[in-house]
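Reader: Please show me the structure, and then let me ask how its descriptions are justified.

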Number of protein chains: 2
Amino acid sequence: MAAPPAAFAATAATVREEVAVRVAALKSRYADNVCGGTPGLAVVIVGERKDSQTYVRSKRAACEAAGIASFGYELPADSSQESLIDLIRTLNDRTDVHGILVQLPLPAGMNDEVVLDAIALDKDVDGFHALNFGRLAMAGRSPPRAVPCTPKGVIELLDRYGVDPAGKRAVILGRSNIVGLPVALLLMHRNATVTVCHSKTVNVGDLVREADIVVSAVGRPGYVKAEWLKPGVVVVDVGINAVDDATKKRGYRLVGDVEWEGALSVASAITPVPGGVGPMTIAMLLVNTVDAAERSFQHQ
Amino acid sequence: MAAPPAAFAATAATVREEVAVRVAALKSRYADNVCGGTPGLAVVIVGERKDSQTYVRSKRAACEAAGIASFGYELPADSSQESLIDLIRTLNDRTDVHGILVQLPLPAGMNDEVVLDAIALDKDVDGFHALNFGRLAMAGRSPPRAVPCTPKGVIELLDRYGVDPAGKRAVILGRSNIVGLPVALLLMHRNATVTVCHSKTVNVGDLVREADIVVSAVGRPGYVKAEWLKPGVVVVDVGINAVDDATKKRGYRLVGDVEWEGALSVASAITPVPGGVGPMTIAMLLVNTVDAAERSFQHQ
Ligand SMILES: NC(=O)C1=CN([C@@H]2O[C@H](COP(=O)(O)OP(=O)(O)OC[C@H]3O[C@@H](n4cnc5c(N)ncnc54)[C@H](OP(=O)(O)O)[C@@H]3O)[C@@H](O)[C@H]2O)C=CC1
Ligand SMILES: NC(=O)C1=CN([C@@H]2O[C@H](COP(=O)(O)OP(=O)(O)OC[C@H]3O[C@@H](n4cnc5c(N)ncnc54)[C@H](OP(=O)(O)O)[C@@H]3O)[C@@H](O)[C@H]2O)C=CC1
């Protein structure tokens, strides 16, 4: 994989085209189904966070573009947890909804876990239900119904650029349930030798120096120093950080965790921010939704 | 922790005494309960493997010694999976059974996962149900009903010898669902920087050389070379391997994965085999059973 960074941006577009082809095939094969073979994703947002609204808009637009029906629900920030769970139960029962996504973070006072675990296992396209996560963690048992979108996108990028993690040293920066931990588990299942770093890790740089693959999901601009990188390393930059930039109309720009300029000359491949993992995350949400729809149609 | 290896053997005995005290307290507090406040463990074995029979005997004896009721079930090797699951369902419904342990491995032809997932979550004292495992893996959400016994025993040993994993480099050899992986996850939650090695890892020795804590669960005698160990390292040897020994009546003796003599002079602490992690595994089964019973009594 000696791919120029720009190439990565094209990958998500390719995946989205593949999804559109699958959706068209489902519509023709399951035309007699109650929903005419159309996969459906319900996207629920509680409150009015600007960033969440932007994410939800991109996700819904990507659905529409691929032929997936998207159903939006906007609850006020002061909604009760019960009303949110009631909505989820209704969506669980609907035959035209195959995936349910509750945009995080939820307003303070709501319990993420209780809310997420209310989503029917088969419709958990985010893969955050504890049972799905347990299956993701364990090898040799049933696979999860869905793998969380960002980690799945990271693996898909490596696959599509021919990076086989087997036998490689992979260093993961960050251990969140959403990114760092599942990326680590997936790379371990792909036979990488994985080390997970976090805020209590001493001498992160020394560990990164030994890595053949570095995945950063810390959320700090410039956190990964170019001088830490081994020549030829593959760098996947998951971080999305806003830094002040007076030359931009909105006053900031988005950057990753990695010292970009310096890293470019050392790494054999590096994913750009924006344009690398972010778009893949959305593409994987579409894949998970179509997978869920296909399972549902097959069982009808 | 500059504990002499012999000290570790005493730890499991201490835990078992603590369990006996808790059991006595439950019997007095919940004397009016249907089962008189007595925690109960059902132990199910299918087939006649000698090693499994030995493990089951030790587990049942440890229960009795701590005042826990133990109910044994022996099914013939040619039993159907349905009959095993029927038995599990009956045990799920019994009010005097708080934990259910199905001894692995099951005979070929039975599906471990289907069998283990039939155990009621509240009675899964082995912690192998996917939902329990998902909760073990994720931080900041509900804890699992039970943590698998061997990994829990490893952490308990470190705790009781004052080894705080935070900020330490921990290298785990082995990634099985039963030992290596859950040990890695638990140490990560305790803020160690964890690396997991397995059969596809290149240069295991180089990784072990950097470790402050080494946990070996590979199952090969002499696998961990004394020369790999950093002075002062803490070594937890989970491996149990039979090696030929003509001086023994039964013709073999049990050893761990680590080159014992050499390691003794380098490590600041090292668990012996037999006598280290093995007895702790049984002690943790008792703890998990009493925890399950206490939860059940509180909800009655
Ligand atoms: N591209 C995409 O689609 C997505 C991008 N992201 C981005 O990825 C980044 C991470 O997201 P998320 O996992 O949710 O964030 P979290 O804040 O949940 O996790 C951050 C992790 O980084 C670790 N960390 C923090 N400071 C340091 C440090 N100085 N040294 C080493 N490790 C450190 C934390 O350690 P500790 O556990 O000890 O606190 C934690 O494990 C963010 O920038 C986010 O915007 C997230 C999701 C999707
Ligand atoms: N003390 C106790 O109470 C218990 C002790 N044990 C003992 O612990 C040991 C491990 O048990 P278990 O986890 O069930 O065993 P498994 O056979 O399921 O797992 C062994 C692990 O070791 C890895 N491995 C094998 N060969 C090598 C090698 N050459 N280099 C590096 N890694 C290697 C395997 O890698 P890969 O995944 O690539 O195959 C695998 O992950 C056994 O000796 C067992 O008897 C087990 C349970 C309880």
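Reader: How do you know in what way chain A can be laid on chain B?

Author: This is a predicted model, in which local features need pLDDT of at least 70 and side-chain atom pairs count only at pLDDT 80 or more, while totals for chains, interfaces and linings use all residues. Residues are numbered from 1 along each chain as its sequence is written, chains are lettered from A and ligands numbered from 1 in the order in which they are written, and side-chain values use heavy atoms, leaving out hydrogens and water. Copies are superposed by least squares on the C-alpha atoms of residues with pLDDT of at least 70 in both, and a turn of 180 degrees with a shift of 0.0 Å along the axis lays chain A on chain B with an RMSD of 0.0 Å. That is the relation of a two-fold axis. In chain A, the C-alpha of Gly134(A) is the one nearest the axis, 1.7 Å from it.

Reader: What makes the oxygen atom of ligand 1 and the side chain of Ser176(A) a polar contact?

Author: A polar contact is a pair of N or O atoms within 3.5 Å (within protein, one must be able to donate a hydrogen and the other to accept it, and residues adjacent in sequence count only if both atoms are side-chain atoms). An oxygen atom of ligand 1 is 2.5 Å from an N or O atom in the side chain of Ser176(A), and therefore the pair meets that definition. A backbone N or O atom of Ile240(A) lies 3.0 Å from an oxygen atom of ligand 1.
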